[in-house]
Amino acid sequence: MIYTCTLNPSVDYQIDTKQLELGTLNRVENTAFYPGGKGINVSRVLNNLDVESTALGFIGGFTGTFILEKLHDEGIKTDFAIHDEPTRINMKIKTAREETEVNGNGAYINKEIQAQLIQKIKSLNSNDYLVLSGSIPSSISIDIYNTISSICSENGVSLIIDIPNRSLKDLLTYRPFLIKPNQREISQILDREVNTKQDAIKGAKELVQLGAQNVIVSMGGEGAIFINESQIVTAEVPPGKLKSSVGAGDSLVGGFLASYFKEKDYRKAFLYGVASGSATAFSSDLCEREEVEQLISDVLLTI
Ligand SMILES: Nc1ncnc2c1ncn2[C@@H]1O[C@H](COP(=O)(O)OP(=O)(O)OP(=O)(O)O)[C@@H](O)[C@H]1O
Ligand SMILES: O=P(O)(O)OC[C@@]1(O)O[C@H](CO)[C@@H](O)[C@@H]1O
């Protein structure tokens with residue numbers, strides 16, 4: 001079974017507007033609410049690609065209820081540790097020129113609720129995959145990434161890590177099955193600029209040497225690279241019109257896992273992941289299966 005763990009979920013309030021001016025009243029064209037947070041997005045993408053998962057993490061308040069209802073409506077299983085304070089609302093503002101995100105710092109999670117989640121993660125076993133994704137609420141110690149990774153390592157759970165944090169480097173000793181930093185994140189981890197695919201390949205090799213079994217570096221509209229001990233694959237994205245890149249990275253992870261789970265083929269999984277990321281970038285919400293499959297033949301892989 002695949003599990004996703006979102007320590008800091010969100011309701012994503014998506015705003016489409018011609019322009020945004022600070023310091024004055026802006027009236028906008030379109031708005032929409034989506035269940036958000038990186039692991040939750042992975043669960044939604046897996047579900048769209050006909051792969052079952054259970055969404056774990058912390059959730060609470062009226063925003064938490066909204067997320068749970070949406071996930072259950074879509075047929076996604078959940079097993080969150082529930083707290084009192086509302087889950088955060090993140091603003092995703094798309095103008096004709098650029099995308100702006102305003103992410104909250106997250107709800108207060110007490111020690112008892114934290115322990116409840118850890119207990120759930122302890123019940124996973126070597127047949128399971130856990131996708132540990134996204135930031136942590138500011139009330140939680142960064143050590144929680146370490147705690148979860150070490151439990152997975154002890155119990156043989158295949159761990160996928162996508163966290164926006166330098167501490168990813170320290171988690172590589174747990175030999176995660178997959179990590180997916182984007183260009184900005186790998187630059188931070190390595191403490192140097194990663195600008196080109198060649199830079200990303202060099203950096204990802206270092207992360208494999210430090211313990212990652214597989215590394216994908218996502219580079220937005222420039223595509224992505226995939227590396228493990230025996231393979232290096234680069235991908236160019238298919239042509240299309242960017243609608244919203246929110247969740248594109250999560251879709252890459254979800255698409256990769258959906259394919260790998262069924263076929264156990266890294267190259268095919270990477271291809272499917274890149275097509276999923278782009279399909280999300282070309283739509284308002286997360287990708288649907290038909291959208292992904294239409295793009296597959298336009299993704300250019302180089303081995
Ligand atoms: N403008 C784009 N055009 C085509 N494909 C895109 C575009 N932006 C993203 N993608 C696809 O999505 C994948 C992941 O994108 P990106 O590197 O932006 O992830 P990310 O920074 O983790 O995103 P997020 O945090 O919003 O989920 C890319 O590798 C690519 O396949
Ligand atoms: O603040 P974090 O946890 O780093 O990222 C949260 C977030 O920006 O990531 C998802 C897109 O990847 C959104 O659904 C969500 O709002």
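Two strands count as paired if DSSP finds at least two bridges between them. With that in hand, strand β2 (residues 10–16) and strand β7 (residues 88–94) pair in the parallel sense, over seven bridges. The model described here is a predicted one, and this report walks through it piece by piece.

## The four-stranded sheet

Strands β2 and β7 belong to an open sheet of four strands, whose order is β3-β2-β7-β8 and whose pairing is mixed. At its edges lie β3 (30–36) and β8 (99–102), each of which pairs on one side only. From one strand to the next, the twist averages 20°.

The mixed pairing is easy to follow around β2. Toward β7 the pairing is parallel, over seven bridges, while β2 and β3 pair in the antiparallel sense, also over seven bridges. In general, strands of a sheet pair through backbone hydrogen bonds, either parallel or antiparallel.

A good residue to find on screen is isoleucine 15. Opposite isoleucine 15 stands isoleucine 93 in β7, and in β3 the bridge partner of isoleucine 15 is threonine 31.

## Strand β4 and its partners

Next, look at β4 (53–60). This strand is mostly covered, with seven of its eight residues buried. Strand β1 (residues 2–6) pairs with β4 in the parallel sense over five bridges. Strand β5 (residues 77–78) runs parallel to β4 too, joined to it by two bridges.

Here alanine 55 is the residue to follow. Threonine 4 stands opposite alanine 55, and threonine 78 in β5 also stands opposite alanine 55.

## A helix with two sides

Helix α4 (residues 143–155) has 13 residues. From its first C-alpha to its last it reaches 19 Å, close to the 18 Å expected at 1.5 Å a residue.

Which residues of α4 are buried? They are Tyr145, Ile148, Ser149 and Cys152. Seen down the axis of α4, these buried residues fall within an arc of 95°, so they line one face of the helix. As a general point, an α-helix has 3.6 residues a turn, so residues three or four places apart point the same way. On the other side of α4, Asp143 and Glu154 are exposed.

## Around the two ligands

Ligand 1 is surrounded by 21 residues, and the closest are Ser218, Gly221, Ala248, Gly249 and Gly277. Two elements, α8 and α9 (266–281), give two or more residues each to this shell. By class, the shell around ligand 1 divides into nine nonpolar, eleven polar and one charged.

Ligand 2 has 17 residues around it, of which Gly36, Asn90, Asn103, Gly134 and Ser135 come nearest. The elements that give two or more residues to the shell around ligand 2 are β2, α1 (38–48) and α8 (248–263). This shell has two nonpolar, eleven polar and four charged residues.

Helix α8 is therefore worth a look from both sides: it gives two or more residues to the shell around ligand 1 and two or more to the shell around ligand 2.## Buried and exposed residues

The cut-offs used here count C-beta atoms within 10 Å: a residue is buried with 20 or more others, and exposed with 12 or fewer. Four residues illustrate the two ends.

| Residue | Place | Other C-beta atoms within 10 Å | State |
|---|---|---|---|
| Aspartate 50 | loop between α1 and β4 | 9 | exposed |
| Aspartate 191 | loop between α6 and α7 | 8 | exposed |
| Isoleucine 186 | helix α6 | 26 | buried |
| Serine 133 | strand β9 | 27 | buried |

Both aspartates have an unusual label to look for in the backbone. Aspartate 50 has a positive phi of about 65° although it is not a glycine. Aspartate 191, in the loop between α6 (183–190) and α7 (197–209), has a positive phi of about 60° and is not a glycine either.

Why does aspartate 50 count as exposed? Its C-beta neighbours inside 10 Å number 9, and a residue with 12 or fewer is exposed.

The two buried residues can also serve as landmarks for distances. Serine 133, in strand β9 (residues 129–133), is 84 residues from valine 217 in sequence and 15 Å from it in space, C-alpha to C-alpha. Isoleucine 186 and valine 51 are 135 residues apart along the chain, and their C-alpha atoms are separated by 29 Å.

Note on methods
Residues numbered from 1 in each chain as written. Chains lettered and ligands numbered in written order. Predicted model: local features only at pLDDT ≥ 70, side-chain atom pairs only at ≥ 80, totals over all residues. Axes fitted to C-alpha atoms, helices over the stretch in contact; angles between N-to-C directions. Near = placed C-beta within 6 Å. Nonpolar A, V, L, I, M, F, W, Y, C, P; charged D, E, K, R; others polar. Expected span 1.5 Å × (residues − 1). Arc of directions from axis to C-beta.
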